[in-house]
Structure formats: C-alpha cells, structure tokens
Amino acid sequence: MKTLSAGWPEIRERVRAAEALALFLDYDGTLTPIVRHPSQARLAEGTRRLLRKLSCEKGIWVAVVSGRALEDVRRMTGVARICYVGNHGLELEGPNLRYVNPMAKKCRPVLRRIVRRLKEAVAPIPGAWIEDKGFTLTLHFRQAAPAGKKLARGLFQGVVRPYREKKQVRITAGKEVFEVRPPVRWTKGTAVSWLLDRRAALSPGPVLPIYIGDDLTDEDAFRALGKRGISVAVGAGNPLTRAQYRVRSPAEVGSFLRRLLLISERSADRAGRRDQRRVQRNIARSA
Ligand SMILES: [Mg+2]
C-alpha cells in the first residue's frame with residue numbers, strides 16, 4: 001500500500017478523467033481527530049466549509065458515512081443537501097434518498113432490552129458507558145482504567161451471549177468499543193454499493209467513488225469499492241487494511257479534499273472558458 005502522496009500522480013489522473021466523483025467520508029477519526037468522548041469530536045469550521053464547497057461542485061456528490069446514529073452525524077457535520085449514512089449503513093438519508101434496513105427495525109425491541117441490561121451492568125465502572133444509537137448500541141471503554149476495561153469487556157460478553165447464541169444480534173469490535181447490531185450482514189460496504197446503484201439510477205454516467213475511513217468497519221467499504229474506486233485509510237490503526245492508499249491524519253484528509261476541490265474548480269473553469277469561446281464564435285459567425 002502506498003502513501004497518498006506517493007500515489008498522487010495516478011490518483012490525479014483518475015480524478016481528472018472522471019466525469020463525476022462520489023465522495024464517501026467517515027466522520028470520527030477521518031474528518032475529526034479521535035477524542036476521549038464522541039461528543040467532543042467537533043468538525044473544524046474549515047472542514048465544514050470545505051465539505052460545503054465540495055458538495056456545491058457540479059460533478060461531486062458527498063456522503064458522510066458513520067457508525068453514529070444518522071441524526072447525530074448530521075447534527076455534528078452540519079452541512080445541508082448531502083447524504084448521511086448512520087449506524088454503519090442501517091439508515092441513510094439524502095436528497096431524493098431514504099433507507100432504513102427492515103431487519104434493524106425489527107430488532108429494536110431486543111436492542112432496547114440489551115441497552116437496559118448493559119447500562120445497569122457497566123454503571124459501576126468509571127469510564128465505561130453505553131451509547132444507545134437506536135438501531136445499534138455501543139459500549140465505550142476508552143476512558144476506563146485497565147482493570148475497568150477488562151471488567152467491562154467481561155460484563156458485556158456475559159449480557160450479550162444469550163442474544164448472540166440465539167442469533168438475535170451480531171457483535172462487532174472497533175477502537176476500544178464493542179457494538180451490538182441487528183443480525184444482518186448490512187455494512188458500510190453494502191450501504192456504499194446501495195448508494196452507488198441508486199445514484200446511477202438517478203443520474204446515469206460513470207462515477208469514480210472515493211472512500212476515506214480509519215476504522216475496522218470501513219474495511220467493508222474498501223472491499224466493496226475494490227479497484228473501481230479509490231480507497232484511503234487514515235492513520236496506522238489497521239496495518240492489514242485493504243485500502244489502496246494511506247494518510248496519517250485527519251489533517252492530511254483535509255489537504256486531499258482541498259486538492260480534489262481544486263481539480264474540480266479548474267475543470268469547471270476550463271469548461272466555462274470553452275463555453276465562452278463557443279458563444280464568442282457563434283456571435284462572430286452570426287455577425
Ligand atoms: Mg472512524
């Protein structure tokens with residue numbers, strides 16, 4: 001795997017040749033640095049402006065893809081008229097788009113019960129807490145002491161085991177988190193493929209998908225894109241990543257996005273000048 005700067009010449013050629021870009025961006029650890037508590041992962045105003053500008057470009061389509069609940073990631077990002085994918089793809093919403101996974105809806109009562117039990121179980125452990133995200137739940141233990149982390153892991157497994165054995169839920173692990181999800185193989189990757197199909201139906205024509213993410217859950221999307229897209233892993237969190245390129249930090253993600261914007265603006269300028277020349281020629285001809 002290359003660093004993004006080493007791969008930039010080939011990426012630039014692909015981006016320039018593309019008629020349209022579909023930009024899929026993870027939120028935590030990709031657009032914002034990893035912080036102690038998810039509520040502190042605020043988007044920098046510069047990044048928000050950048051996303052807004054990208055989303056206004058004619059040939060660029062932007063989606064923020066997150067493990068957070070959809071409303072949460074929409075509120076944190078705060079950019080209108082782009083697509084938001086929440087709960088690792090189980091819910092998504094954008095202009096002319098809306099989807100909620102049916103199995104996720106069905107699983108909600110079971111999840112409610114698990115949320116209640118887990119909240120009780122980890123309440124005595126400082127730094128461990130349960131985030132109820134509607135269609136999924138997360139056990140966070142980043143802030144717990146080492147002994148607390150171990151205890152939280154054990155309690156978590158104890159509570160979820162019966163549900164997992166009955167295949168009522170699915171368990172996944174992330175960066176110092178465990179998640180309980182509906183028993184359905186619907187991932188960020190499935191959601192990205194679904195969106196690309198839907199987008200193709202809404203506005204036909206070739207599109208170059210670009211996916212940037214930092215977590216294990218983003219690997220499904222890297223796999224879904226394969227060679228037809230450009231995949232970028234953020235940070236050194238997963239040395240076995242399937243992404244084609246790597247950047248070190250959310251700051252480098254920002255510079256990459258600025259480069260994409262510049263290419264798009266320049267090609268729009270060129271198209272504008274071409275149109276202008278055509279108009280001038282037509283005027284000259286008719287004179
Ligand atoms: Mg992330």
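Here are some questions and answers about a predicted model of a single chain.

Me: Let's start with the overall build. How many helices and strands does the chain have, and what does its C-alpha trace span along the principal axes?
Reply: Happy to begin there. The secondary structure comes to 9 helices and 13 strands. Along the principal axes, the C-alpha trace spans about 85 × 35 × 30 Å.

Me: Which residues belong to each domain, and what distance separates the domain centres?
Reply: Domain 1 is written in two stretches, 2-101 and 186-276. Domain 2 covers 104-181. Taken over C-alpha atoms, the separation of the two centres is 29 Å.

Me: How many residues does each domain bring to the contact, and how does the side of domain 1 divide by residue type?
Reply: Domain 1 puts 14 residues into the contact and domain 2 puts in 10. On the side of domain 1 that touches domain 2, the residues divide into 5 nonpolar, 5 polar and 4 charged.

Me: Turning to strand S8, which strands pair with S8, and in what sense?
Reply: One partner is strand S7 (residues 129-132), joined to S8 over 4 bridges in the antiparallel sense. Within that pair, Ile130 has Leu139 of S8 as its bridge partner. Another is strand S10 (residues 177-181), where Val180 is the bridge partner of Leu137. So the names asked for are S7 and S10, and the sense is antiparallel for S7 and antiparallel for S10.

Me: Which residue in the turn of the S7 and S8 hairpin has a positive phi?
Reply: The hairpin leaves 4 residues between S7 and S8. In that turn, a positive phi of about 80° belongs to Gly134.

Me: Are the faces of S8 covered or open, and which residues show this?
Reply: On one side of S8 (residues 137-140), Leu137 and Leu139 are buried. On the other side, Thr138 and His140 are buried too. Both faces are therefore covered, as shown by Leu137, Leu139, Thr138 and His140.

Me: Why do the buried residues of helix H3 lie on the same side, and what covers them?
Reply: The buried residues of H3 (residues 70-77) are Leu70, Asp72, Val73, Met76 and Thr77. They cover an arc of only 165° around the axis, which puts them on the same side of H3. Their cover includes strands S3 (60-65), S4 (83-86) and S5 (91-94).

Me: Which residues touch the most other members of the largest nonpolar core, and which element gives the most to this core?
Reply: The largest nonpolar core holds 49 residues, and Leu23, Phe24, Ala63 and Val192 touch the most other members. Ala63, for example, has contacts that include Leu23, Phe24, Ile82 and Leu195. As for the element that gives the most, with 6 residues, that is S3.

Me: How many residues are in the other core, which lies apart?
Reply: Among its members are Ile114, Ile130, Ala144 and Val160. The number of residues in this other core is 22.

Me: Why does Asp218 count as buried, and which residues does Asp218 touch?
Reply: Asp218 sits in the loop between strand S11 (208-213) and helix H8 (219-225). Asp218 counts as buried because 32 C-beta neighbours lie inside 10 Å, and the cut-off is 20 or more. Not counting residues up to four places away in sequence, the residues touched by Asp218 are Asp26, Lys188 and Gly213.

Definitions and conventions:
Residues are numbered from 1 along each chain as its sequence is written. This is a predicted model: local features need pLDDT of at least 70, side-chain atom pairs count only at pLDDT 80 or more; totals for chains, interfaces and linings use all residues. Domain bounds come from an automatic or database domain assignment. Two residues are in contact if their C-beta atoms, placed from the backbone, lie within 7 Å. Ala, Val, Leu, Ile, Met, Phe, Trp, Tyr, Cys and Pro count as nonpolar, Asp, Glu, Lys and Arg as charged, and the others, Gly among them, as polar. A residue is buried if 20 or more other C-beta atoms lie within 10 Å of its own, exposed if 12 or fewer, and partly exposed in between; C-beta atoms are placed from the backbone. Helices (H or I, at least four residues) and strands (E, at least two) are DSSP runs, numbered from the N terminus. Two strands pair if DSSP finds at least two bridges between them. The arc is that of the directions from the helix axis to the C-beta atoms. A nonpolar core is a set of buried Ala, Val, Leu, Ile, Met, Phe, Trp, Tyr and Cys residues joined through C-beta atoms within 7 Å.
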